[in-house]
Amino acid sequence: MVVSDPAHSALDPGALAPTDREHLERAVALARGARDRGDHPFGAVLVTAEGVVVEAMNTVNTGHDPIGHAETNLVRDAGQQLELDELAGSTLYTSTEPCAMCTGAIYWAGIRRIVFALSEGGLREIVGAQDGVPTLALASREVLARGGRAVEVVGPVDLPAATEVHRGFWR
Ligand SMILES: [Zn+2]
């Protein structure tokens, strides 16, 4: 756990703050790190209102864990380190839109804000074009629309590196 980033100020719903972009760039850097070590290219960062930062990478291959997605790993780690009210005031940044499983994990953690770069549809285009590997074609907003508490979703955010990190991987 790293403490940085001064307190998140209140944002207009759907608005992207300058610090959001920085955290998103960090999530993409983590995705690159995951790819470099042999995992799927996904990374995620959680930042509390007080500026506590928790980071995670995909561990599907290195952890022999089919559900070792970056966001699910992040929710597990953050849940062990933070109190529920801290989770509720946090933003989860992720290099690619959370899949249905990860969106469910984020929802159950009580995290109220998600910011993602590449969309699920954007990933599907890359993956499908390269290999025909199926994705779970369900947008995070669709999953959250079934929930009993509101979760703000911001994205896709145009970040070329978030697309680039997938290039040539899915084959
Ligand atoms: Zn996932």
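**Exercise 1. Find the stretch where pLDDT stays under 50, and decide how to read it.**

Step 1: pLDDT, the predictor's confidence in each residue from 0 to 100, stays under 50 over residues 1-11. For this stretch the model has 28 contacts beyond four places in sequence, a contact being heavy atoms within 4.5 Å.

Step 2: Where pLDDT is low, the predicted coordinates should not be read in detail.

Step 3: For the protein chain, the mean pLDDT is 91, and 91% of residues reach 70 or more.

A note on conventions: this is a predicted model, in which local features need pLDDT of at least 70 and side-chain atom pairs count only at pLDDT 80 or more, while totals for chains, interfaces and linings use all residues. Residues are numbered from 1 along each chain as its sequence is written, and side-chain values use heavy atoms, with hydrogens and water left out.

**Exercise 2. Work out where the buried residues of helix 1 lie around its axis.**

Step 1: Helix 1 covers residues 18-36; helices are DSSP runs of H or I with at least four residues, strands are E runs of at least two, and both are numbered from the N terminus.

Step 2: Its buried residues (under 20% relative accessible area, with exposed over 50% and partly exposed in between; 1.4 Å probe, protein chains only) are Asp-20, His-23, Leu-24, Ala-27, Val-28, Leu-30, Ala-31, Ala-34 and Arg-35.

Step 3: These residues cover an arc of only 155 degrees around the axis, so they sit on the same side of helix 1. The arc is taken from the directions from the helix axis to the C-beta atoms.

Step 4: The face turned away from the buried side carries the exposed Pro-18 and Asp-36. Among the partners packing against the buried residues are strand 2 (43-47) and helix 7 (160-164).

**Exercise 3. List the donors of the zinc ion and their spacing.**

Step 1: Look for N, O and S atoms within 2.8 Å of the metal (3.2 Å for Na, K and Ca); water is not among the atoms, so sites may look incomplete.

Step 2: The search gives His-69 (ND1), Cys-99 (SG) and Cys-102 (SG), at 2.1 to 2.3 Å.

Step 3: Along the sequence, the spacing reads H-x29-C-x2-C. Cys-99 and Cys-102 are both buried.

**Exercise 4. Is Ser-140 buried or exposed, and what does it touch?**

Step 1: Ser-140 lies in helix 6 (residues 140-145).

Step 2: Ser-140 counts as buried because its relative accessibility is 0%.

Step 3: Leaving out residues up to four places away in sequence, Ser-140 touches Glu-97, Pro-98, Thr-103, Phe-116 and Val-153.

Key: Expected span 1.5 Å × (residues − 1).
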